[in-house]
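Colleague: Please take a close look at one part of this model and tell me how it packs. Give the cut-offs as you go.

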Amino acid sequence: MKPEYKCASHKLISEIVIALLPEYPKGISEEKSIVENAVIDFVIGQIEALPVYLRFPYKIALYKFNFFSLFVYGRTFLKLGKKRKSNYIKMWSDSPLKQMRDVIKLLRSCALLQYYDHPVILNMISTKNENHEKQLQTRKN
Amino acid sequence: MKTMKNNYRQEKINTQILVIGSGAGGAVTAATLAKAGYSVVILEEGERIDTNTLETHSTEAMKLLYRNRGMTPIFGNTTIAYVEGCCVGGSTEINSAFWHRTPEDCINRWTKKYKVKDLSKDSLYKLFNEVEKDLTIQYSDPKSISRSSSLLKKGAEELNWSIQEIPRAQIKIENSQFAPGAKSSMSRTFIPAAIEHGVKILSNSKAIKINHGNGRVTSVLAVSSDKDSKTMLTIEAEHVFISGGAVQTPTLLLKSNINKNIGQSIFIHPMLKIAAMFEESLDSHKDPIPIYQIKEFMPDITIGGSVFTPGFLSMLFCDNWTLNATAMEKWQNMALYYAGITGKGIGRIRLFPFTNEPFISYRLSKEDQSNLSKGLAYISKLLFKSGAKKLFPAVRNLPFLETQNESDYFLNNVIPFQSMSLSTVHAFSSCPMGEDEDICAVNSFGKTYGFENLYISDASIIPDAPGVNPQGTIMALALRNAKYFLETKRGGELCQ
């Protein structure tokens, strides 16, 4: 179930976060939405926890991010397809302008922190690596 | 203000001593004064959280225990991430619990430059003996030393570098200090002792203004919140001790128009993190953090190990995510380390217009830049000696290092300020102590200049960066201030 957003910036944050998340481990099914919602909730909480003098400029920067894609793709970020969203994010995160990079860096670092420390993901990546190690050991033997 | 007041319930409290903040400084102050017979109230902005059931470096802990959920930036020639606690027990609930006594060279510097009176190694270390009794300061169980620690030690020994195991304020030595209930933080030591002696703790209660006139604090205004309501507290105390930490203490004072040498300086220990990938699987996320620190380059540069989770590792990769994302697959072969420096730059705390929030700025000096760059070169050299195959520093456009030649480049060349991703958990000196009234905010025993009954006992009175984890210094100085207060007041107003 998708979380309800209290304001437009939360919807935008959630769309960026979804585009920022790495590929889920294979075999994940119904837990995927649990993880995704937990990450979105966490990131929104982190942005809302910023000092007020930083939170408002940051949200303005997010709106700029959304509308600037009109000049690149003729659509706002929210209306882009998955691939274009990903390319557009890459354009911002690799920008020579620090302010543009920082918009993405803040969201990415919060999203990855919660994603990789989520018990579902941690459990799955630990098991995956253990299985991989076992396979290597069997091959060596 | 008038409208806001009308929506709040009003309550008046009278006490002999009001302590604002319940961290390393506040808890010691409250417990010491309460034991001596004073009636004491502690105001704590944060909640009382049961850390017996919470891993204190988890994202859940960030939400509950950290100020701004860990989202406090320091602005300057590069942005530095700063974290501090905001809960009963303050930052002692979230720190690594490493325990250092104040280095002798710091004591000498403070007595000379800031003219701190009656401060010597002997006198301060006697106070350390007292606080250490209640904290179970101990070395780790040799059986529980993590693989990442052993690797740090191995590298240092091969290079013949001086290395030291750091003791910790820890109850369960076999566990990670971040494990539930592992640390002897304030909520498990000095706060229960204070409560036993009658101290009343008001959690979720934020001091918003100090009312004063004719060199005396007349009352403190605070807002106390619970789920359903807010209460405006007016606390009248004979003496007020502020122990909100290096950022919150000057913020409250500036809001209250008390500004002589307040927030004019702030020193920090900036830290550059690095991830090391080894051939073997380390499973660092299950281990305590590395317990060794490299002393070879102290006091300017300290090298050590950092707490590891896959989440923290991914955050470090953020600067070069496109290039390093695939390295996450090898997270079990990695550990996190840091090169920290004793900052030589200087910062300030100001109130942001309209919001009255603290705005923290800090300019790294050229020496800081050089030390951080050298720190990267040294830690890389050590980790390659320990067997690391690839290193990932938190530096933009420097995704990884594969040979020592690459890292040696930073012995003579500096990393651009804007490329460094730095963090800090140590801030001090925003209200320095000493007898030099031109640069100090409080006297040698924490009494605020120009006030009869206002004291500061926390990291903000430490005159400059000590170069070591400061919890011990904060606690010893708080005990020193409390004892001096008792000596000067004894026989006078103490209730019998």
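Modeller: Helices are DSSP runs of H or I with at least four residues, strands are runs of E with at least two, and both are numbered from the N terminus. On that basis chain A reads α-α-α-α-α-α from its N terminus. That is 6 helices and 0 strands.

Some ground rules. The model is predicted, so local features need pLDDT of at least 70 and side-chain atom pairs count only at pLDDT 80 or more, while totals for chains, interfaces and linings use all residues. Residues are numbered from 1 along each chain as its sequence is written, and chains are lettered from A and ligands numbered from 1 in the order in which they are written.

I will centre on α2(A). This helix covers 31–48. Its length checks out: 18 residues at 1.5 Å each should span 26 Å (1.5 Å times one less than the number of residues), and the end C-alpha atoms are 26 Å apart, which agrees.

Now burial. A residue is buried if 20 or more other C-beta atoms, placed from the backbone, lie within 10 Å of its own. Buried residues make up 30% of the 141 in chain A. In α2(A) they are A:V39, A:I40, A:F42, A:V43, A:I44, A:Q46 and A:I47. An α-helix has 3.6 residues a turn, so residues three or four places apart point the same way.

What do these buried residues pack against? In chain A, the partners are α1 (8–20), α3 and α5; chain B adds its own α3 (59–65).

Two of those partners also meet each other. α1(A) and α3(A) pack at about 60°, axes 10 Å apart; axes are lines fitted to C-alpha atoms over the stretch in contact, and angles run from 0 to 180 degrees between N-to-C directions. The pair is therefore oblique, a label for angles that are not under 35, over 145 or from 65 to 115 degrees. A:S9, A:L12 and A:I13 of α1(A) meet A:K59, A:L62 and A:N66 of α3(A). Contact means C-beta atoms, placed from the backbone, within 7 Å.

Last, the chain B side. There, 24 residues of chain A touch 23 of chain B. α2, α3 (52–73), α5 (98–117) and α6 (119–140) of chain A each give two or more residues. α5(A) supplies the largest share, 9 residues.

Note on methods:
Buried ≥ 20, exposed ≤ 12 C-beta atoms within 10 Å, placed from the backbone. Contact = placed C-beta atoms within 7 Å.
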